[in-house]
Amino acid sequence: MPDIIFIQARKKDLLKEKERLEADLSTIAKKKGKKFEVQYTDYGGKDEENAEEYIKYTRNLALDKSLEKLLSKTLIALKKIDDEIYGICERCGKSIPEGRLEAFPAAGSCMECESKDNPFKKLFSRLRTKK
């Protein structure tokens with residue numbers, strides 16, 4: 001379990017990240033309760049304008065999904081700090097190495113457990129064994 005100074009430093013990082021993510025989300029969406037709703041920009045009624053609106057909207061939907069996922073992980077990590085369980089892998093219960101938490105303070109799992117879910121892991125291991 002990381003020491004209190006390390007945890008406080010990560011809390012500071014997480015709070016900054018939360019602020020940044022919420023600011024980024026507010027440029028493409030409006031907050032509705034705990035979620036954000038992507039705004040649809042109306043450029044006009046011409047076909048070219050409609051195409052532009054659709055492209056921008058679908059791009060913003062993807063961006064919103066990614067930002068909300070990161071925000072959710074950040075909020076969970078902050079809650080874990082408050083609950084004094086920060087730095088414990090959600091899957092195996094072992095401590096998450098400080099280097100991983102420093103690189104990605106919102107990490108909820110250790111690299112070993114994270115790599116188990118990696119869809120490319122099997123592909124890469126097959127490629128390595130074919131040599």
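Which residues does Lys80 touch, if we don't count residues up to four places away in sequence? Keep that in mind for a minute; I'll come back to it.

Okay, quick orientation. What we're looking at is a predicted model. The protein chain has 131 residues, and 27% of them are buried. You get 5 helices and 2 strands, and going from the N terminus the order is α-β-β-α-α-α-α. Of the contacts with a separation of 6 or more, 48% are between residues 24 or more positions apart. On the outside, the chain exposes about 9400 Å², with carbon and sulfur atoms supplying 55% of that.

Now, the empty space. Rolling a probe the size of a water molecule over the atoms shows where there's space left.

Let's start with the largest pocket, which holds about 240 Å³. Three elements each give at least two residues to its lining: α1, which is 4-26, β2, which is 35-38, and α2, which is 47-82. The largest share is from α2, with 5 residues. If you want to find this pocket on screen, look for Lys18, Glu22, Lys31 and Phe36, which are among the lining residues. By class, the lining is 7 charged, 3 nonpolar and 1 polar.

Next, the second largest pocket, at about 180 Å³. Its lining includes Lys73, Ile76, Glu90, Arg91, Arg100 and Phe104. Here the split is 5 charged, 4 nonpolar and 2 polar.

And then there's the closed space. Searching the whole structure for cavities of 30 Å³ or more turns up 1, and the largest cavity has a volume of about 30 Å³. Around it you'll find Lys73, Ile76, Ala77, Lys80, Tyr86, Glu90, Ala106, Ala107 and Gly108. That lining comes to 5 nonpolar, 3 charged and 1 polar. Some of those names should ring a bell: Lys73, Ile76 and Glu90, for example, line this cavity and also the second largest pocket.

So, back to Lys80. It's in helix α2, and it's one of the residues lining that cavity. Is Lys80 buried or exposed? Buried, because its relative accessibility is 12% and the cut-off for buried is under 20%. As for what Lys80 touches, the list is Ile85, Tyr86, Ile88, Glu90 and Gly108. Tyr86, Glu90 and Gly108 turn up in the cavity lining as well.

That's my tour: two pockets, a cavity, and one lysine to look at on screen.

How values were computed:
Residues are numbered from 1 along each chain as its sequence is written. This is a predicted model: local features need pLDDT of at least 70, side-chain atom pairs count only at pLDDT 80 or more; totals for chains, interfaces and linings use all residues. Side-chain values use heavy atoms; hydrogens and water are left out. On a 1 Å grid over the protein atoms alone, a cavity is a set of points where a 1.4 Å probe fits but cannot get out, and a pocket is an open set with protein on both sides within 12 Å along at least five of seven lines; lining residues have an atom within 4 Å of a point. Grid points are joined across faces, edges and corners, and a volume is the space filled by probe spheres set on the points. Helices (H or I, at least four residues) and strands (E, at least two) are DSSP runs, numbered from the N terminus. Ala, Val, Leu, Ile, Met, Phe, Trp, Tyr, Cys and Pro count as nonpolar, Asp, Glu, Lys and Arg as charged, and the others, Gly among them, as polar. Buried means under 20% relative accessible area, exposed over 50%, partly exposed in between (1.4 Å probe, protein chains only). Contact means heavy atoms within 4.5 Å. Accessible areas come from the Shrake-Rupley method with a 1.4 Å probe; for residues, only the protein chains shown count as cover.
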